[in-house]
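User: I am new to this structure and would be grateful for a close look at a single part of it, the aromatic rings and their surroundings. Please give one connected account.

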Amino acid sequence: MLQVNWNYIKMLALLIIVVLLYAFSSVKNDVRKISKANISFLGENNLFITHETVSKLLIQNQQRVENEAKETLDLNTLENALNSNPMIKSAEVYVAVNGTLNAEIKQKRPVARVSTNASYYIDDEGNYMPLSSNFTARVPLVTGYVEKNNLKNVFQVARKVGTDDFLKHHVVEIHQNINGALALRLRQCDFIVNLGELSFLDKKINNLKAFYKKSLKEKTLDKYSKVNLQFDNQVVCTKA
């Protein structure tokens, strides 16, 4: 007489039920409508790009993403649309279980503002960033001969300014002449600080700090028109 293995049959039936439930939930999840779009900005609170602009970038096929079926959304396309905006550093788009479309935005962060025949920011990776009508960053101005495709030198100085407490407080302008030589203007000082080339930048900055501290103590900061840091181990000053 054939003996029936009821345990085997129960396990098989349970497996079939689980597979059917998973398939049903997957289909139901794919056809679930997008309830709303939730946009969040990571990092700094200063918004160079608005929620409205991001919402417009999330529009797919000229339709609002709300009430779209999840399966019809191309998340990669939406992310690429956001990342193509010159204000956005990175974007991540995903759909939550409840049907909310989430967009997490990380903005570019400016370290300097170019003010020549064109006006734009230099971001914290040394790249072009347009000005924003929504917010103006308080960063050093960059003047002189500057090209969008050759920002390396002024970016290195701007990055140094942004990470040094003394420079961050005092430097208001970075100037680059036609030969690539660099100079600084300090807040409430009439003299120009000539850096020259970028070589030994840290040493030059240390010399500047020592000179400033000494001159401030002696109350002679207003007696100079130029402070030259191009020479090794010395600061050469020109009197006004």
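Analyst: In this predicted model, Phe135 has a relative accessibility of 27% and therefore counts as partly exposed, since that class lies between the limits of 20% and 50%. Phe135 forms an aromatic pair with Phe48; the ring centres are 5.3 Å apart and the planes meet at 80°, an edge-to-face arrangement. Phe48, by contrast, is buried, because its relative accessibility is 5%. The two residues are 87 positions apart and join distant parts of the chain. Phe48 lies in the loop between strand S1 (36-42) and helix H2 (51-57), and Phe135 lies in the loop between strand S6 (128-129) and strand S7 (141-144). Ring pairs also bring in Tyr121, which forms a cluster with Phe48 and Phe135.

The structure holds six aromatic pairs. Another of them is formed by Phe191 and Phe211, whose ring centres are 5.9 Å apart; their planes stand at 75°, so this pair is edge-to-face. Phe191 belongs to the loop between strand S9 (182-186) and strand S10 (192-196), while Phe211 sits in helix H6 (residues 201-218), 20 residues away. This pair, too, links distant parts of the chain. Phe191 is buried, with a relative accessible area of 0%, and Phe211 is buried at 9%.

A charged side chain also meets a ring: Lys148 lies over the face of Tyr120, 5.3 Å from the ring centre.

As for the setting, the protein contains six helices and twelve strands, and buried residues make up 35% of its 240 residues.

Methods: Residues numbered from 1 in each chain as written. Predicted model: local features only at pLDDT ≥ 70, side-chain atom pairs only at ≥ 80, totals over all residues. Heavy atoms only, no water. Helix = DSSP H or I, 4+ residues; strand = E, 2+ residues; numbered from the N terminus. Buried < 20%, exposed > 50% of the residue type's maximum accessible area, 1.4 Å probe, protein only. Phe/Tyr/Trp six-rings, centres within 6.5 Å; stacked < 30°, edge-to-face > 60°. Lys NZ or Arg CZ within 6 Å of the ring centre and 35° of its normal.
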